[in-house]
Amino acid sequence: MLKTNNSVKETEARAVDALRSGLGQVPAIKLKSITRESRIDHAELDIVAKLSVAGRGHTLACEVKENGQPRYVRAGLLQLRSYVAGLGRDVTPVLIAPFLSSAAQELCREQ
């Protein structure tokens, strides 16, 4: 099945909503901003969330995949690793997918 650009945008929109909701449940985290299709230095990311964690600035660099099968997750993790290399300790890579199989979850833990 061919994925349309609309379905990608819908997946990203749902990811933003889920991220905003999840972060809002953690008292020590204050969400400063969340943007889609953002840039950090050389990296083009699907979502960038700027946070304050216990008073310190932090950034979540997010890659969104429509499919959580291991081959897509592996590609996303490699992208994230490349994107955040050298950005410092205040950037956390985050892979977002509607569902992650147990094999995909294991890949995430390994990375």
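This report walks through one helix pair and a few single residues of a predicted model.

A word on conventions: residues are numbered from 1 along each chain as its sequence is written, and side-chain values use heavy atoms, with hydrogens and water left out. Because the model is predicted, local features need pLDDT of at least 70 and side-chain atom pairs count only at pLDDT 80 or more, while totals for chains, interfaces and linings use all residues.

**The helix pair**

Two packed helices are described by the angle between their axes and the distance between the axes. Here helix α2 (residues 70-84) and helix α3 (residues 102-110) pack at about 20°, and their axes lie 9 Å apart. That makes α2 roughly parallel to α3 (angles under 35 degrees count as such). Axes are lines fitted to C-alpha atoms, for helices over the stretch in contact, and angles run from 0 to 180 degrees between N-to-C directions. Helices (H or I, at least four residues) and strands (E, at least two) are DSSP runs, numbered from the N terminus.

On the α2 side, Pro70, Val73, Arg74 and Leu77 meet Ala103, Ala104, Leu107 and Cys108 of α3, where contact means heavy atoms within 4.5 Å. Sorted by class, this contact of α2 with α3 has 7 nonpolar, no polar and 1 charged residues.

**Four residues to look up**

Buried means under 20% relative accessible area and exposed over 50%, with partly exposed in between (1.4 Å probe, protein chains only).

| Residue | Place | Relative accessible area |
|---|---|---|
| Lys65 | loop between β3 (56-64) and α2 | 17%, buried |
| Val48 | strand β2 (residues 43-53) | 4%, buried |
| Ala54 | loop between β2 and β3 | 68%, exposed |
| Lys32 | strand β1 (residues 29-40) | 59%, exposed |

Lys65 is a nice one to start with. Its side chain makes a polar contact with the side chain of Gln79 at 3.1 Å; such a contact is a pair of N or O atoms within 3.5 Å, and within protein one must be able to donate a hydrogen and the other to accept it, while residues adjacent in sequence count only if both atoms are side-chain atoms. Beyond its neighbours within four places in sequence, Lys65 touches residues including Thr11, Tyr72, Leu95 and Pro98.

In the strands, the C-alpha atoms of Val48 and Ile34 are separated by 5.7 Å, although these residues are 14 residues apart along the chain. Likewise, Lys32 and Lys50 are 18 residues apart in sequence and 5.4 Å apart in space, C-alpha to C-alpha.

Finally, Ala54 has a phi near 50°, a positive value in a residue other than glycine.

Terms used:
Angles under 35 degrees count as roughly parallel, over 145 as roughly antiparallel, 65 to 115 as roughly perpendicular and the rest as oblique. Ala, Val, Leu, Ile, Met, Phe, Trp, Tyr, Cys and Pro count as nonpolar, Asp, Glu, Lys and Arg as charged, and the others, Gly among them, as polar.
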